[in-house]
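User: Hi, can you walk me through this fold? Please keep it simple.

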Amino acid sequence: MYKIAFLAGDGIGPEVMAEAGKVLKTVEKKFGFKFDFHEGLAGGAAIDAYGVPLPESTVKLCEDCDAILFGAVGGPKWDALSSQLRPEKAILGLRKHFGLYANLRPAVLFPPLVGASPIKQEIIGNLDLLIVRELTGGLYFGTPKGREETGGVVRAFDTMVYTEEEIKRVAHIAFKAAQNRKKRVTSVDKANVLATSRLWREVVERIAKEYPDVELSHMYVDNCSMQLVVNPGQFDVILTENTFGDILSDESAVLTGSIGMLPSVSLGDKKPYLYEPTHGSAPDIAGTGRANPIACILSAAMMLEYSFGASEASNAVKQAVTRALDEGYRTSDIKTGAGKVVSTTEMGDVIVNFI
Ligand code: IPM
Ligand code: MG
């Protein structure tokens with residue numbers, strides 16, 4: 001029996017989470033698991049109910065679970081709030097609280113979606129890369145951070161800071177992941193300008209010696225963002241710090257046709273790990289039935305694999321998604337080549353049927 005914290009959040013969060021829930025219930029029946037779902041509030045939904053984006057009760061609920069499935073947070077209703085009260089604090093708070101320092105974001109192009117990619121078919125090839133993003137350090141969490149006014153001059157500041165240990169532990173995750181893939185790590189930094197990047201490069205090079213079967217190369221982040229568009233097939237594992245990873249992972253996501261396709265897991269040294277679609281809450285389409293549930297469903301598949309060691313069930317879910325796409329089912333974000341454009345719940349039903 002596994003306990004799963006179910007934090008749907010805002011916008012399309014609850015809609016895509018409902019489909020991932022259906023998928024997990026099907027897995028229960030077909031593969032003989034027992035999942036116990038514990039729903040909690042996070043983001044704008046929690047602000048409305050408790051006045052804070054990440055209530056203590058939600059943190060407690062997650063502490064008591066084996067894994068966390070997270071939808072998406074945010075929306076125009078809460079945009080004017082101060083930084084401590086913004087919905088995004090929910091996800092940042094969970095990452096920090098549970099020490100989830102490594103964020104794995106696989107970007108895989110499903111062959112039937114080649115036409116949905118904004119990149120020409122001859123360039124996109126068969127894209128299959130994994131971004132390993134450092135998640136609890138860098139500009140996001142570095143101190144001092146703030147805003148002040150002296151003599152009528154307003155200044156604001158964030159601090160980019162990394163310790164050797166923070167770099168080491170995420171580097172190990174990237175090299176281990178590469179060992180199960182094409183055995184190549186591209187470490188992305190800005191070592192021509194930033195001191196943190198020079199330390200990053202030095203530490204990554206040292207860790208690489210422990211993985212002689214993995215080939216390491218370095219790339220500046222500006223070049224990497226260009227290479228992702230001109231020759232994305234060159235990448236296997238991209239290892240990078242928090243802010244660079246945030247930017248490059250959206251770019252990689254859309255190469256696959258839609259950001260609605262990309263799952264993720266955030267790992268630490270102990271459970272619970274957190275699983276979430278890479279996309280946001282998409283308030284503009286919330287409630288219209290147009291959200292793509294695949295990223296959230298694939299996040300549930302990652303949970304089966306990484307938290308419960310259930311690779312067979314995980315593969316069954318992934319294959320069901322592949323089959324739905326092969327047979328022409330599309331949500332409106334990936335319409336190209338569609339046999340049949342379906343709603344969020346219909347896509348969930350099709351995938352459930354194929355498991
Ligand atoms: C992501 C998101 C978050 C981030 C936001 C919602 C705080 O963009 O997971 O990529 O910047 O990490
Ligand atoms: Mg992001």
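Analyst: Sure. One term to start: contact means heavy atoms within 4.5 Å. By that rule, Ile294, Ile297, Leu298, Ala301, Met302, Leu304 and Glu305 in helix 10 meet Ala313, Ser314, Val317, Lys318, Val321 and Leu325 in helix 11. Keep in mind that this is a predicted model.

User: What classes of residue make up the contact of helix 10 with helix 11?

Analyst: That contact has 10 nonpolar residues, 1 polar and 2 charged.

User: And at what angle do helix 10 and helix 11 pack?

Analyst: About 160°, with the axes 7 Å apart. Angles over 145 degrees count as roughly antiparallel, so helix 10 and helix 11 are roughly antiparallel to each other.

User: Is the crossing of helix 10 and helix 11 left-handed or right-handed?

Analyst: Left-handed.

User: OK, what about helix 1 and helix 10, how far apart are their axes?

Analyst: Their axes are 8 Å apart. Helix 1 covers residues 13–31 and helix 10 covers residues 294–306. They pack at an angle of about 40°, and are therefore oblique to each other. Helix 1 passes helix 10 in a right-handed crossing.

User: Which residues make that contact?

Analyst: From helix 1, Val16, Met17, Glu19, Ala20, Val23, Leu24 and Val27. From helix 10, Cys296, Ile297, Ala300 and Leu304. By class, 10 are nonpolar, none polar and 1 charged.

User: Switching to the sheet. How many strands form it, and in what order?

Analyst: 10 strands form an open sheet. The order is 2-1-3-12-11-4-5-10-8-9, with mixed pairing.

User: Which strands stand at the edges?

Analyst: Strand 2 (35–40) and strand 9 (215–220). Each has a single partner strand, so one side of each is left without a neighbour in the sheet. The twist averages 25° from one strand to the next.

User: What holds strands together in a sheet, in general?

Analyst: Strands of a sheet pair through backbone hydrogen bonds, either parallel or antiparallel.

User: So do strand 5 and strand 10 run parallel or antiparallel?

Analyst: Parallel. Strand 5 is residues 128–134, strand 10 is residues 237–240, and 4 bridges join them. In one of these pairs, Val132 has Leu239 of strand 10 as its bridge partner.

User: Which strands does helix 7 touch?

Analyst: Helix 7 (residues 195–208) packs on the sheet and touches strand 5, strand 8 (184–189), strand 9 and strand 10. The direction of helix 7 makes about 170° with that of strand 9.

Key. Residues are numbered from 1 along each chain as its sequence is written. Chains are lettered from A and ligands numbered from 1 in the order in which they are written. This is a predicted model: local features need pLDDT of at least 70, side-chain atom pairs count only at pLDDT 80 or more; totals for chains, interfaces and linings use all residues. Side-chain values use heavy atoms; hydrogens and water are left out. Two strands pair if DSSP finds at least two bridges between them. Helices (H or I, at least four residues) and strands (E, at least two) are DSSP runs, numbered from the N terminus. Axes are lines fitted to C-alpha atoms, for helices over the stretch in contact, and angles run from 0 to 180 degrees between N-to-C directions. Angles under 35 degrees count as roughly parallel, over 145 as roughly antiparallel, 65 to 115 as roughly perpendicular and the rest as oblique. A crossing is left-handed if the near helix is turned anticlockwise from the far one by less than a right angle, and right-handed if clockwise. Ala, Val, Leu, Ile, Met, Phe, Trp, Tyr, Cys and Pro count as nonpolar, Asp, Glu, Lys and Arg as charged, and the others, Gly among them, as polar.
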